[in-house]
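User: I should like to work through this model by question and answer. Please reason briefly each time and finish on the value or name requested.

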Amino acid sequence: MTLMIALAAMTANAQTADQTENCKQITVGDVTMTVNPEKGGKILSLKYKDQEVISQSPRPEAFGSTFWTSPQKEWNWPPVQEFDKQPYTIEEHDGRLILTSQPSARLKYRVRKEFATDAKDKAIVVTYSIINESDEVRQVAPWEITRVPNDGGIIFFDAPLDGITPAGLMTFAEANGAVWYQTDETNANRKINADGKGWLAFVDKGLLLLKKFEDLQPSQPAPNEAEIQVYVNRGKTYIELESQGAYTTLQPHGELQWTVRWYLVPVKTEPQPSSRLMKIVKKLL
């Protein structure tokens with residue numbers, strides 16, 4: 001695998017005014033991912049050439065892509081600072097960028113994020129690790145949260161329509177071997193859960209973002225969590241594409257690893273249910 005990493009000389013602007021220094025860039029083909037080790041190791045940007053797909057909102061908790069531990073009931077809100085806001089250490093080995101958090105004083109976990117590329121597949125490969133820094137047996141699941149704009153795109157994945165919960169909270173349509181949600185605007189925050197098939201896709205403004213991860217059995221997610229989750233913030237603001245790995249028992253000082261493959265490709269089709277979009281997804285999978 002070939003990985004191109006460079007310091008990103010980003011220009012300060014209203015969208016990322018507090019996230020502009022000492023970033024790293026991971027590039028494969030025409031796709032560039034920008035990561036900030038000093039601000040929670042967040043993925044700040046994902047572009048195909050010069051076109052952005054991730055939310056650049058200036059509001060806190062409304063931009064970029066982050067990583068949390070699951071279930072959320074263990075930490076409630078706000079996100080754990082050591083994982084979501086504080087600096088990560090940086091290593092570069094054998095074409096890989098490795099970011100490591102400080103251990104959480106509250107949860108006794110440490111998070112590691114490893115970025116690599118698959119040049120043949122034109123994918124960016126992100127492997128997350130959760131390390132149990134305590135002397136106790138713990139249970140935890142990995143959780144990736146990616147924010148995208150709510151401006152007319154469509155979200156789709158493979159899951160039974162009647163298994164999306166809570167029922168009726170968002171309008172999903174079943175077609176072409178997937179369930180589809182045309183983004184909409186409402187004066188309420190909404191979130192659904194679904195048992196997917198190891199992938200989650202989003203199309204907007206001629207770009208397809210596809211994330212591929214482990215397909216879980218219904219019994220494998222953390223309590224009251226799910227393999228796939230979609231959160232829509234009130235108003236025409238942002239949406240979270242969320243995926244989780246298996247709820248895992250960690251021995252003292254043990255760790256789990258969970259990998260997400262990111263694809264970003266141009267598509268010449270409208271953001272609506274279609275067999276053409278499904279063919280593109282199946283080819284990438």
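User: In this predicted model, what is the N to O distance at which the side chains of K24 and E92 meet in a salt bridge?

Analyst: K24 belongs to strand β2 (residues 23-28) and E92 to strand β7, so their pairing ties together parts that lie 68 residues apart in sequence. K24 counts as buried at 12% relative accessibility, whereas E92 is partly exposed at 44%. The N to O distance of this salt bridge is 2.8 Å.

User: How many residues apart in sequence are the parts tied together by R261 and D121?

Analyst: The side chains of R261 and D121 meet in a salt bridge of 2.9 Å, N to O. R261 counts as buried, with 18% relative accessibility, and D121 is partly exposed, with 29%. Because R261 lies in strand β21 and D121 in the loop between β9 and β10 (123-132), the pair ties together parts whose separation in sequence is 140 residues.

User: Is K211, which meets E144 in a salt bridge, buried or exposed, and what is its relative accessible area?

Analyst: The side chains of K211 and E144 meet at 2.7 Å, N to O. This pair links distant parts of the chain, with K211 in strand β17 and E144 in strand β11, 67 residues apart. E144 is buried, with a relative accessible area of 0%. K211 is likewise buried, and its relative accessible area is 0%.

User: How many salt bridges does a search of the whole structure find?

Analyst: Side chains of opposite charge can pair when their charged atoms come close. Some residues are linked in a network of salt bridges, namely K42, E61, D84 and K85. Over the whole structure, the number of salt bridges found is 16.

User: Which strands stand at the edges of the open sheet of 10 strands?

Analyst: The sheet is paired in antiparallel fashion, in the order β7-β8-β9-β10-β21-β17-β16-β12-β14-β13. Two of its strands have a single partner strand each, so one side of each is left without a neighbour in the sheet; these strands are β7 (89-93) and β13 (172-175).

User: What is the bridge partner of L97 in β9?

Analyst: Strand β8 (residues 96-100) and strand β9 (residues 109-118) run antiparallel and are joined by 4 bridges. Within β9, the partner of L97 is F115.

User: What angle does the direction of helix α2 make with that of β17?

Analyst: Neighbouring strands of the sheet are turned by 20 degrees against each other on average, direction ignored. Helix α2 (residues 275-284) packs on this sheet and touches β12, β14, β16, β17 and β21. The angle between the directions of α2 and β17 is about 45 degrees.

User: Which element gives the most residues to the largest nonpolar core?

Analyst: This core has 56 residues, and those with the most contacts inside it are M33, L46, F157 and W262. Beyond its neighbours within four places in sequence, L46 is in contact with residues including M33, I54, L209 and W262. A second, separate core of 16 residues includes A178, W180, M278 and L284. In the largest core, the element giving the most, with 5 residues, is β21.

User: How far apart in space are R138 and L250, C-alpha to C-alpha?

Analyst: R138 lies in strand β11 (residues 138-149) and is buried, with a relative accessible area of 16%. Its contacts beyond four places in sequence include E74, Y109, T248 and L250. Although R138 and L250 are 112 residues apart in sequence, their separation in space is 5.2 Å.

User: Which residue follows W77 through a cis peptide bond, and which follows T165 in the same way?

Analyst: Most peptide bonds are trans. The bond after W77 is cis, with omega near 5 degrees, and leads into the loop between β6 (65-70) and α1 (81-84). The bond after T165 is also cis, with omega near -10 degrees, and its second residue is found in the loop between β12 and β13. The residues asked for are P78 and P166.

User: What is the value of the positive phi of K108?

Analyst: Most residues other than glycine have a negative phi. D94, in the loop between β7 and β8, has a positive phi near 50 degrees and is exposed, with a relative accessible area of 73%. K108 is found in the loop between β8 and β9 and is partly exposed, at 40%. Its phi is about 65 degrees.

Conventions: Residues numbered from 1 in each chain as written. Predicted model: local features only at pLDDT ≥ 70, side-chain atom pairs only at ≥ 80, totals over all residues. Heavy atoms only, no water. Pairing = 2+ DSSP bridges. Axes fitted to C-alpha atoms, helices over the stretch in contact; angles between N-to-C directions. Contact = heavy atoms within 4.5 Å. Buried < 20%, exposed > 50% of the residue type's maximum accessible area, 1.4 Å probe, protein only. Core = buried A, V, L, I, M, F, W, Y, C linked by side-chain atoms within 4.5 Å. Salt bridge = Lys/Arg side-chain N within 4 Å of Asp/Glu carboxyl O.
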